[in-house]
Amino acid sequence: MSNQTSEDWRGITSKQAAIESFINEPTRDTLHNALSELWVIQRSINNIDYFLDENFLADQTPKEIAETIDKARQTGDADSVRKLDGFGWPTATEVLSALEPADFALMNARSVASMNDLGYNVANPKSASQEQYREFCENVKDAVRRYPLREHAAEIKREPVPEGTPDYLIADLCFTYHYGDDHGFDLTEVEEDPLTALTEFGILTNEFRTEIQDKVSDSPLYDDSREFLRTAIRNELTRD
């Protein structure tokens with residue numbers, strides 16, 4: 001069995017290390033290194049040095065930024081990082097997600113477009129409140145279960161997902177491949193997990209749903225829960 005961590009699997013280890021280094025030693029250089037690891041910066045900023053001095057550090061110090069990030073990762077107050085000069089939701093959530101991937105979903109162009117394509121109502125990241133961000137996080141978790149993105153992530157990577165990988169990292173991988181033109185994964189074509197709807201309508205209990213999921217994952221007879229349900233119904237219909 002692979003000893004690969006969730007962060008290694010998702011490819012955010014160097015990003016996480018750079019941000020941790022900045023928090024531990026907040027200087028202009030370590031902030032520059034941390035920002036250089038961010039996708040949102042790589043896609044939108046041509047001159048990081050200019051943007052760093054004119055936006056991030058014009059009216060706040062590296063120490064103030066680092067202390068705000070470190071406190072937010074402990075309290076869950078992502079909005080305090082969003083309000084820092086130069087940040088906003090895309091930068092704030094990419095930083096916090098790298099540090100605490102189980103607690104913060106990325107709210108960026110990829111995730112917003114992907115959630116919209118899945119039919120969720122998503123607040124505009126330019127004006128979203130803390131409450132709207134938390135709602136977005138809950139919706140991302142719902143999408144991972146409903147569609148079921150954990151299985152699709154394993155297919156995309158062509159390797160098992162490390163045990164305990166947070167839902168937000170699963171979603172980020174699927175959103176990245178959906179958003180990119182060259183990856184060939186389309187979220188609009190994925191099918192909803194029927195167990196989710198059956199549980200929401202009260203037909204299945206959460207315990208029964210978990211029992212079915214465990215049965216499907218442990219059995220070579222079923223590719224997914226949909227096939228299990230078809231087999232169970234067919235067996236009941238043909239019973240004497």
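A pocket here is an open set of grid points where a 1.4 Å probe fits, with protein on both sides within 12 Å along at least five of seven lines. With that in hand, let's walk through this model, which is a predicted one.

Start with the open space. Rolling a probe the size of a water molecule over the atoms shows where empty space is left. In this model, the largest pocket comes out at about 800 Å³ in volume. Its wall is made up of 28 residues, and the ones nearest the centre are P148, E151, D193, D224 and S225. Several helical stretches chip in with two or more lining residues each: α10 (130-146), α11 (149-157), α13 (194-200), α14 (206-218) and α15 (225-237). Which of these elements gives the most? That's α14, with seven residues in the lining. As for chemistry, the lining splits into 15 charged, eight nonpolar and five polar residues.

Now move over to H178, which you'll find in helix α12, spanning residues 167-179. Is H178 buried or exposed? Its relative accessibility is 14%, so H178 counts as buried. The H178 side chain also reaches the backbone nitrogen of L187, at 3.0 Å. If you skip sequence neighbours within four places, the contacts of H178 are S114, D117, F185, D186, L187 and T188.

One name on that list, F185, deserves its own stop. F185 sits in the loop between α12 and α13. Because its relative accessibility is 16%, F185 counts as buried too. Setting aside neighbours up to four places off in sequence, F185 is in contact with H152, I156, C174, Y177, H178 and V190. Take C174 from that set: F185 and C174 are eleven residues apart along the chain, and their C-alpha atoms are 7.9 Å apart in space.

Last, the nonpolar interior. In soluble globular proteins, nonpolar side chains tend to be buried together. Here the largest nonpolar core has 59 residues, and the members that touch the most others are I69, F87 and Y133. What does Y133 touch, once residues up to four places away in sequence are left out? The answer is A78, W89, T93, F104, A105 and M107. There's also a second, separate core, made of seven residues, with L204, I212, V216 and L229 among them.

Notes. Residues numbered from 1 in each chain as written. Predicted model: local features only at pLDDT ≥ 70, side-chain atom pairs only at ≥ 80, totals over all residues. Heavy atoms only, no water. Helix = DSSP H or I, 4+ residues; strand = E, 2+ residues; numbered from the N terminus. Buried < 20%, exposed > 50% of the residue type's maximum accessible area, 1.4 Å probe, protein only. Polar contact = N/O pair within 3.5 Å; in protein donor to acceptor, adjacent residues only side chain to side chain. Contact = heavy atoms within 4.5 Å. 1 Å grid on protein atoms, 1.4 Å probe; cavity = no way out; pocket = protein on both sides within 12 Å on 5 of 7 lines; lining within 4 Å. Points joined across faces, edges and corners; volume = space filled by probe spheres on them. Nonpolar A, V, L, I, M, F, W, Y, C, P; charged D, E, K, R; others polar. Core = buried A, V, L, I, M, F, W, Y, C linked by side-chain atoms within 4.5 Å.
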